[in-house]
Amino acid sequence: MKSYKTKRAIGNAVGYIILILISIIWLFPFVGLVLQSFRSYATEYGGMVDYLVPKQFSLDNYKFLFDSSQTNYLLWYKNTIIIALFVSLLQTIIQLCVSYALSRMRFTGRTFLMRFWLILGMFPGFLTMICLYFLLKQFGLTQAGAIPGLILVSVASSGMGYYVCKGYFDTIPKALDEAAMIDGATRSRIFFTMIIPMSKPIIIYTALVAFMAPWCDYVFASYVAFGHDTSYNVAVGMTRWVWTNDYQGYFTRFCAGGVLVAIPVTLLFMFLQKYYVEGVTGGAVKG
């Protein structure tokens, strides 16, 4: 018995040591990003920098971000928030409705539609970039109109992401729907007054996933808003900084901008982690 406890204690100690080392390795780039954001170009970039911790901390990089006379960072940030919020709201509503319909209703072509969407989702979105660009251009939704264009593209295929949400609805007993229908409730009333209140975890999970996609989008956003500075999101705008000749000067500003971009997402996951995990595990069933 004593030998078993000793082996278990040693095993736990080794496991914790490995996890701590992995955490340090994983967190090191983020710590470096934060430290570099407090480094002042004016005071510390006279030559080659071979140290991580700034010798003199400064808020110059953050002041630069909030100075609209020098950069459009605040406008890019606003564009990103607008796109992410609209996509998150609309995509969540569409996915919930589509998932409920596929989970509860039986209609001709239901199985074919689910399989077709599943196969269609296996193709990378990059294949449609040129087609989508010219389609959006016909409606004036590129460059100056890139923001509504990006929202439209992100929301248009929302129904194809029904997998996890439908799996969650499948775990809710259908007897509840049948009992409500006996009492005269319609499908819409059952959905809004019974199913939605019971589906808080999957709603939060769907909204977070939908929010993250446009928040981190660079490739398609740069493609649609190409050459129009006021339509950039933060990813596209900040990338343009490191393309300048003054790479060292803009690198610290890039780090400061990255810190501000990470704050909302970090806070969302910290406060909603419980519901996020419940949504993933609750929807991970075969329907």
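These are my notebook entries on what I looked up in this predicted model.

**Overall layout**

I began with the secondary structure, and I found 14 helices and zero strands in the protein chain. Reading along the sequence, I therefore wrote down a pattern made of α after α, with nothing else in between the symbols. I then turned to burial, and noted that 37% of the 287 residues of the protein chain count as buried. For the surface, I recorded an accessible area of about 17,200 Å², and 70% of this belongs to carbon and sulfur atoms. I also looked up how contacts spread along the sequence: among those between residues at least 6 apart, 72% join residues at least 24 apart.

**The first helix and its patch**

I went next to helix α1, which covers residues 2–37 and holds Y16. Y16 is exposed, because its relative accessible area is 56% and the cut-off for that word is over 50%. I found Y16 listed in a nonpolar surface patch of about 1,000 Å², together with I10, V14, I17, I18, L19, I20, L21, I22 and I24.

**The cores**

I looked up the largest nonpolar core, which has 35 residues, and asked which of them touch the most other members. They are L65, Y73 and W241. Several helices each supply at least two residues of this core, and I noted α3 (60–65), α4 (73–104), α6 (129–138) and α7 (146–156) among them. The list goes on with α11 (200–215), α12 (219–224), α13 (234–242) and α14 (247–283). Another core, of 13 residues, lies apart from that one, and its members include F169, I172, A180 and Y205.

I followed Y73 further, and, leaving aside its neighbours within four places in sequence, I found Y73 in contact with L65, V234, M238, W241, G257, L260 and V261.

**Aromatic rings**

A search of the whole structure gave me 20 aromatic pairs. One pair I examined is W76 with W241, where the ring centres are 5.7 Å apart and the planes stand at 50°, so the pair is tilted. W76 lies in helix α4 and W241 in helix α13, so this pair ties together parts that are 165 residues apart in sequence. Are these two residues buried or exposed? W76 counts as buried at 3% relative accessibility, and W241 is buried too, with a relative accessible area of 6%. I also noted that ring pairs link W76 and W241 into a cluster with F64, Y73, Y77, F211, W215, Y232 and Y250.

**Salt bridges**

How many salt bridges does a search of the whole structure find? I recorded two.

In one of them, D177 pairs with R104, and the closest N and O atoms are 3.1 Å apart. D177 sits in helix α9 (residues 174–182) and R104 in helix α4, so the pair ties together parts that are 73 residues apart in sequence. I checked the exposure of both partners, and found D177 buried at 2% relative accessibility and R104 buried with a relative accessible area of 8%.

The side chains of K166 and D170 also meet in a salt bridge, at 2.8 Å from N to O. These residues are four apart in helix α8 (residues 163–170), which means that about one helical turn separates them. Here I noted that K166 counts as buried at 4% relative accessibility, whereas D170 is partly exposed, with a relative accessible area of 27%.

**F220 in helix α12**

I looked up F220, which is found in helix α12, and which counts as buried at 13% relative accessibility because the cut-off is under 20%. Leaving aside its neighbours within four places in sequence, F220 is in contact with M129, L132, L136, L150 and V153. I also recorded the separation between the C-alpha atoms of F220 and F126, which is 8.4 Å for residues that are 94 apart along the chain.

**A backbone angle at Q143**

My last entry concerns Q143, which has a positive phi of about 55° although it is not a glycine. I located Q143 in the loop between α6 and α7, and noted that Q143 is partly exposed, with a relative accessible area of 35%.

Technical notes
Residues numbered from 1 in each chain as written. Predicted model: local features only at pLDDT ≥ 70, side-chain atom pairs only at ≥ 80, totals over all residues. Heavy atoms only, no water. Core = buried A, V, L, I, M, F, W, Y, C linked by side-chain atoms within 4.5 Å. Buried < 20%, exposed > 50% of the residue type's maximum accessible area, 1.4 Å probe, protein only. Contact = heavy atoms within 4.5 Å. Patch = residues over 30% accessible without salt bridge, like charges linked within 9 Å, V, L, I, M, F, W, Y side chains within 5 Å. Areas by Shrake-Rupley, 256 points an atom, 1.4 Å probe, with all protein chains shown as cover. Salt bridge = Lys/Arg side-chain N within 4 Å of Asp/Glu carboxyl O. Phe/Tyr/Trp six-rings, centres within 6.5 Å; stacked < 30°, edge-to-face > 60°.
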